[in-house]
Amino acid sequence: MQIYLPIADLPVNIFLVLAMGLTIGFISGMFGIGGGFLMTPLLIFIGISPAVAVASVTSHIAASTFTGAISYWRRRAIDLALALMLLAAGILGTAAGVWLFTVLRAIDQLDLVIGLSYVTLLTLVGALMINEGVQAELRARRGQPATLRRPGSHNWVHGLPLKMRFKRSKIYVSLIPVWGIGFVIGFIGAVLGIGGGFLLVPMLIYFLRVPTATVIGTSMVMTLVTMTAATVMHAATNHLVDAVLALILMVGGVIGAQFGAHTGQRMRAERLRLLLGLLVFAVGMRFAYDLVVMPDDLYSIRLVRDR
Amino acid sequence: MRQPGATLALTIAMIAGATASARAERLVVSLSNHRVAVTSNFVGTEIVLFGTVEPDSPRTALRGGYDIVTTVSGPTVTLRTRRKERVLGIWVNVDSREFIRVPSYLGVLSNRPIQQIADVTTARNLQLGLNHIILTQRIGTDFADTVTDDPFRLNFINLQKEAEQYRDVSNGVTFLTPTVFRVSIPLPANVPTGTYTVDVKLFSGGQMIARTNTALEVIKSGFEQYVFEASQNHGLIYGLVTATMALMIGWFATVVFKRD
């Protein structure tokens with residue numbers, strides 16, 4: 001059944017989009033991520049313009065992270081103080097991201113920047129995750145227990161001033177890296193249409209030593225608020241959020257996430273990370289392929305004005 | 001309208017007929033549908049235009065051997081065509097041209113190829129076919145159309161053809177009798193909304209002898225229209241509503257699937 005998307009301005013098969021929502025939702029539930037970095041490319045591959053895809057996916061991520069955030073809230077696995085500090089800078093980052101998005105679009109380089117950023121970000125993060133996953137897998141083969149990556153020693157981050165105590169996470173860190181991370185995630189999220197969970201979680205663990213008990217819940221709150229803000233800002237400035245597309249994706253996404261979470265709970269954490277790494281890396285390579293291989297048509301058209 | 005028109009034509013025919021033999025035709029056309037509604041399940045449609053060639057007055061003779069060229073133009077838009085080049089191994093947009101106020105949809109339908117209907121000069125003067133239509137470009141500070149084999153122009157037309165927005169259909173007009181014809185106007189699924197002008201030109205012996213026009217309207221209807229207008233005119237409210245919808249669905253999922 002075809003349905004016409006009013007903003008993307010093209011008809012799509014409603015079941016195809018629903019299936020995409022279900023699949024990405026399944027994956028996001030399984031790995032505890034928003035899934036934006038998979039959804040945005042997938043929408044681009046089915047013919048939706050990168051600009052509309054990025055803008056619409058933000059609302060899809062808002063829906064799926066809200067579901068997650070509620071369940072983490074009930075389990076008291078959210079460090080609200082930390083989330084608020086991240087958000088203070090995150091909102092600024094989002095606004096800067098939406099601004100850059102508008103500028104890049106005006107000078108015809110948005111698609112290129114989206115493509116390049118995906119390649120760099122995804123292949124890098126993917127490779128790191130694969131490396132770590134393989135090592136964990138090898139350790140498990142040798143019968144050694146998985147080491148907890150949380151050494152007690154302090155790194156340079158802990159030497160910075162302006163320290164604050166976060167009770168729920170049981171950490172005492174400087175606000176400078178907290179704001180830095182918040183800004184970067186908000187910024188990347190708005191430009192690339194990704195929630196940034198797959199970047200935020202490792203950053204919180206490695207730089208701030210946030211314990212595993214609160215890291216995913218806190219990351220979800222952060223993603224939820226930045227993506228909700230990005231939806232509103234993209235709609236207000238670029239008028240590119242396709243609510244019909246977003247609605248279908250959300251419905252598929254939240255259903256898929258339930259089944260994904262169920263499957264994820266039955267798998268070992270190290271193996272999950274390896275699989276996620278492979279997935280992230282593959283998406284990155286797909287973008288690299290598009291940038292390097294000569295396009296079918298060197299010319300392309302973009303609407304400037306509706307008159 | 002018919003009566004005064006006929007009287008006027010008769011007068012002209014009488015004046016002209018005094019010296020030359022009266023040979024004047026007029027076109028009477030009618031569209032099957034003046035309004036196309038783009039709904040959620042719209043997959044494109046076809047509008048049919050029926051027309052007949054009539055003598056201006058009962059006594060005038062028809063010369064026969066008619067050709068019809070119908071040009072359907074959608075609302076104008078400004079589009080930018082960009083060209084990619086390889087820079088440091090990757091493909092980057094390096095150059096662009098803006099096409100100012102060009103038709104968003106352009107269908108040229110005729111009963112046989114344009115070059116067989118009229119010579120190049122006539123075709124150019126009357127903007128017959130995609131090769132001769134004027135497409136204004138911004139070149140630096142100038143606004144002008146370029147030669148027909150300009151690469152930007154050619155690629156612009158090709159891309160628009162691929163997107164099914166521009167088309168040359170040399171068998172789009174069918175003569176049912178020597179004077180009655182039918183034109184099928186294809187409108188693709190992604191047809192732009194707005195007012196379309198339908199310009200019908202009648203040719204005989206390589207010269208245009210009559211011309212008429214009509215219009216049709218493509219509108220997004222119902223829900224799609226509402227959503228589209230809201231997104232363009234009330235961006236902030238639209239964004240807030242979309243964000244609220246996202247949160248509602250997210251919350252609804254936790255209610256439906258109580259896992260905790």
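Which elements of chain A are among those that cover the buried residues of α10(A)? Work through the exercises below to find out.

**Before you start**

This is a predicted model, in which local features need pLDDT of at least 70 and side-chain atom pairs count only at pLDDT 80 or more, while totals for chains, interfaces and linings use all residues. Residues are numbered from 1 along each chain as its sequence is written, and chains are lettered from A and ligands numbered from 1 in the order in which they are written.

**Exercise 1. Examine helix α10 of chain A.**

Step 1. Fix the terms. Helices (H or I, at least four residues) and strands (E, at least two) are DSSP runs, numbered from the N terminus. A residue is buried if 20 or more other C-beta atoms lie within 10 Å of its own, exposed if 12 or fewer, and partly exposed in between; the C-beta atoms are placed from the backbone.

Step 2. List the buried residues of α10(A). They are L274(A), L276(A), G277(A), V280(A), V283(A), G284(A) and F287(A).

Step 3. Find the cover. It includes α1 (14–31), α2 (36–45), α5 (110–141) and α7 (197–208) of chain A.

Step 4. Check the length. The expected span is 1.5 Å times one less than the number of residues. The 24 residues of α10(A) should therefore span 34 Å, and the end C-alpha atoms are 35 Å apart, which agrees.

**Exercise 2. Describe how chain A meets chain B.**

Step 1. Count the residues. Contact means C-beta atoms, placed from the backbone, within 7 Å. By this rule, 51 residues of chain A touch 51 residues of chain B.

Step 2. Name the contributors on chain A. Those giving two or more residues are β1 (2–5), β2 (10–13), α3 (50–74), α8 (212–237), α9 (243–265), α10 (269–292) and β5 (299–305). α3(A) gives the most, with nine residues.

Step 3. Sort by class. Ala, Val, Leu, Ile, Met, Phe, Trp, Tyr, Cys and Pro count as nonpolar, Asp, Glu, Lys and Arg as charged, and the others, Gly among them, as polar. This side of chain A has 31 nonpolar, eleven polar and nine charged residues.

**Exercise 3. Describe the packing of α3(A) against α6(B).**

Step 1. Give the geometry. Axes are lines fitted to C-alpha atoms, for helices over the stretch in contact, and angles run from 0 to 180 degrees between N-to-C directions. α3(A) and α6(B), residues 235–256, pack at about 40° with their axes 8 Å apart.

Step 2. Name the residues. The contact includes F66(A) and I70(A) from α3(A), and L247(B) and W251(B) from α6(B).

Step 3. Sort them. The contact has ten nonpolar residues, seven polar and no charged.

**Exercise 4. Trace the six-stranded sheet of chain B.**

Step 1. Take stock. Chain B has six helices and 14 strands. Of its 260 residues, 31% count as buried.

Step 2. Write the order. Two strands pair if DSSP finds at least two bridges between them. The open sheet runs β2-β14-β13-β4-β7-β10 (chain B), with mixed pairing. The twist averages 15° from one strand to the next.

Step 3. Find the edges. β2 (35–38) and β10 (166–169) of chain B each have a single partner strand, so one side of each lacks a neighbour in the sheet.

Step 4. Look at β2(B). Four bridges join β2(B) in parallel to β14(B), residues 207–220. V36(B) stands opposite V218(B). V36(B) and V38(B) form the covered face of β2(B), while R35(B) and A37(B) form the uncovered one.

Step 5. Move to β4(B). Seven of its eight residues are buried, so β4(B) is largely enclosed by the rest of the structure. Eight bridges link β4(B), residues 66–73, to β13(B), residues 194–204, and the two run antiparallel. Five bridges join β4(B) to β7(B), residues 106–110, also antiparallel. T70(B) faces V200(B) in β13(B) and L109(B) in β7(B).

**Exercise 5. Do likewise for the four-stranded sheet of chain B.**

Step 1. Write the order. This open sheet runs β1-β3-β12-β11 (chain B), with antiparallel pairing.

Step 2. Find the edges. They are β1 (25–31) and β11 (173–175) of chain B, each paired on one side only.

Step 3. Follow one pair. β1(B) and β3(B), residues 45–55, are antiparallel over seven bridges. L27(B) stands opposite V53(B) in β3(B).

Conventions: Two residues are in contact if their C-beta atoms, placed from the backbone, lie within 7 Å.
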